[in-house]
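Trainee: Could you take me through one part of this model in detail? I would like a close look at the largest pocket and what surrounds it.

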Amino acid sequence: MGQLKQKGYEITSDAEDADTVVVNTCGFIDSAKKESIEAILEAARLKTNGTATRLIVAGCLVERYRDD
């Protein structure tokens with residue numbers, strides 16, 4: 001996040017105000033996996049129905065379940 005800010009990106013904690021939504025995930029703890037999936041689905045809704053134009057999903061959930 002610090003590198004993005006240094007490059008001139010504005011950081012907000014309100015996803016509804018963002019044009020790019022970044023979801024950092026966990027793929028090992030069951031409750032965190034569920035929370036990650038819910039956050040991805042909510043961000044996808046913002047991309048479809050809101051102001052977001054890009055959705056970036058990062059973290060170990062992506063790496064662990066890449067083929068799924």
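Mentor: What follows describes the pocket, its lining and the neighbouring surface. This is a predicted model, in which local features need pLDDT of at least 70, side-chain atom pairs count only at pLDDT 80 or more, and totals for chains, interfaces and linings use all residues. Residues are numbered from 1 along each chain as its sequence is written, and side-chain values use heavy atoms, with hydrogens and water left out.

The largest pocket (on a 1 Å grid over the protein atoms alone, an open set of points where a 1.4 Å probe fits, with protein on both sides within 12 Å along at least five of seven lines) has a volume of about 570 Å³. Its lining, meaning residues with an atom within 4 Å of a point, comprises 18 residues, and Leu4, Glu10, Ile11, Thr20 and Val22 lie nearest the centre. Strands S1 (20-25) and S2 (54-59) each supply at least two lining residues, and S1 gives the largest share, 4 residues. By residue class, the lining divides into 10 nonpolar, 4 polar and 4 charged.

Leu4 sits in helix H1, residues 2-6, and counts as partly exposed because its relative accessibility is 36%, the class lying between buried (under 20%) and exposed (over 50%), with a 1.4 Å probe and protein chains only. Together with Met1, Tyr9 and Ile11, Leu4 forms a nonpolar surface patch with about 420 Å² of accessible area; such a patch joins nonpolar side chains within 5 Å, from residues with over 30% relative accessible area and no salt bridge, that is, no Lys or Arg side-chain nitrogen within 4 Å of an Asp or Glu carboxyl oxygen.

Conventions:
Points joined across faces, edges and corners; volume = space filled by probe spheres on them. Nonpolar A, V, L, I, M, F, W, Y, C, P; charged D, E, K, R; others polar. Patch = residues over 30% accessible without salt bridge, like charges linked within 9 Å, V, L, I, M, F, W, Y side chains within 5 Å. Areas by Shrake-Rupley, 256 points an atom, 1.4 Å probe, with all protein chains shown as cover.
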